[in-house]
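Colleague: Could you take a close look at one strand for me, together with the parts around it? A connected walk-through with the cut-offs spelled out would suit me best.

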Amino acid sequence: MLDDEATSAEIEAVTERKEVADKGDLIALSYRSIPKVPFTSNDLKSLLEQARKNNAREQITGVIVMGRRHIYQWLEGPKDSVDKLMGQIITDPRHVDVKVLERRPISARLFDPWTMLLATDSSKNELPENTLSLPEDLFTESSENISSQDSITTLADLARSPAGFHSGKNVEVVYERTHRSAIGAQSFDDQLRKRLDNLEATRNREKWDLAASALTTLLLEDDFSKVEHFLRAMSKREADPLTLQVALLEQSERRLGDLWLEDLCSSIDINIALSEMIRAVRSVNFGTQRVWRVPVQQPDVLIVSQPGESHMLPAMLDAEVLWQHGWEPTLEFPKRDEDLQQLLADHWFEALDISMSGVFRRPERLRRLADTVELARDSSINPKIAITVGGRAMYEDGSLLIELGADGLVTTASDVETVIQDAIHRRTVTD
């Protein structure tokens, strides 16, 4: 995050002097003003470049919020530096009607190390990189509450959350659990649909980032009545709704893991959310017409979670996708390797698909997964059984295929059919 916001020289300059300044001379000041003419993308880039350079020298950090009509800015740093900067701002000819909203002592910075963070709503195009993109109604034009502790803390939390930045891309954000109050639950669905509809087709990645963030929000708010409704609404316009659902669910899994690492949710929250995702996807797809892609009998496949794995959603999604495509997979959740070995010894399977957690990477379990793959081969009554593996670890590191001794990596449930077919073909040809 540091490299995204400031150069190494700026960070070093702030760090060298900040320890002394932060021992008791800190103040925060916020103001509102109206720009004389709208800022272009180049104007914003120039403004930020100069502000960050000057603020680094003066040990000032903060955020500037560009509204449709107003500018709101929160500054924090040594009293003399902040007051000096405010004097320059008041006389700046680029804006008028400058109104100081609050000035008070603070004990710690909220926006360390951002020498000036830019935040704006999603209606603006061609924004500078590393912009914190906000729901357009977060700060209304009539509001003067940017200086409120809740609003400022919300901005600071969002900047540090996994949902806040997307590595230099201007991605609209729906707040995760602790930020949803800033949106307001009453019209959450309407606002979300409006923002999704406004995203152009060429911005699909942003669209799905927003949708996955919204789904995670609903799950962590225990707003389960809306989870199923949300999946149905998102699927209505899709030619392949299950592929969309899989993408949203898998992204939400990874978001849950990131939020857990940030101490923004608990393991209990995650387990409840995963259970609800399983229930929702089954309910949404119950009774739907299966897609018979080929008029022949499909392979006998055993789908399992890694023995002892508590997160079952990846295995369930793999099974659901195969079933929707005309397969008849067997889905089991063995507690021990011995239980999996018994399944393979009692029944003929052409392929075995093993899933780890889609939430956590679980590096400590990879060695055990390699052992499970080897034991499965030795136990199967089919000497040519094809074994595929999946989970977050495999999604992020394709090189694990050789290390795990598997025949294929399932990086997303949407591709499980192709991966298993290719794995079976390779085993048939090479053995």
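What follows is a close look at strand E10 and its surroundings.

Modeller: Happy to! This is a predicted model, with local features needing pLDDT of at least 70 and side-chain atom pairs counting only at pLDDT 80 or more, while totals for chains, interfaces and linings use all residues. Residues are numbered from 1 along each chain as its sequence is written, and side-chain values use heavy atoms, leaving out hydrogens and water.

The protein chain has 16 helices and 11 strands (DSSP runs numbered from the N terminus, helices being H or I with at least four residues and strands E with at least two). Of its 431 residues, 53% are buried (under 20% relative accessible area, against over 50% for exposed and in between for partly exposed, with a 1.4 Å probe and protein chains only).

Now to E10, residues 386-390: 5 of its 5 residues are buried. In a regular strand, side chains alternate between the two faces of the sheet. On one side of E10 sit Ala 386, Thr 388 and Gly 390, on the other Ile 387 and Val 389, and both faces are covered.

E10 has a partner in strand E9 (residues 351-355), which runs parallel to it and is joined to it by 5 bridges (strands pair if DSSP finds at least two bridges between them). In this pairing, Ala 351 stands opposite Ala 386 of E10. From E9 the chain passes through helix H13 (residues 366-379) to reach E10, a β-α-β crossover that is right-handed (with the strands pointing away from the viewer, the path from the first strand over the helix to the second runs clockwise). Strand E11 (residues 408-410) is also parallel to E10, with 3 bridges between them, and here Gly 390 stands opposite Val 410.

Helix H12 (residues 337-346) brings E9 and H13 back into view. Asp 337, Leu 340 and Leu 344 of H12 are buried. They lie on the same side of H12 because they cover an arc of only 65 degrees around the axis (the arc of the directions from the helix axis to the C-beta atoms). E7, E9 and H13 are among what covers the buried residues of H12.

For the wider setting, residues 24 or more positions apart make 75% of the chain's contacts with a separation of 6 or more (a contact being heavy atoms within 4.5 Å).
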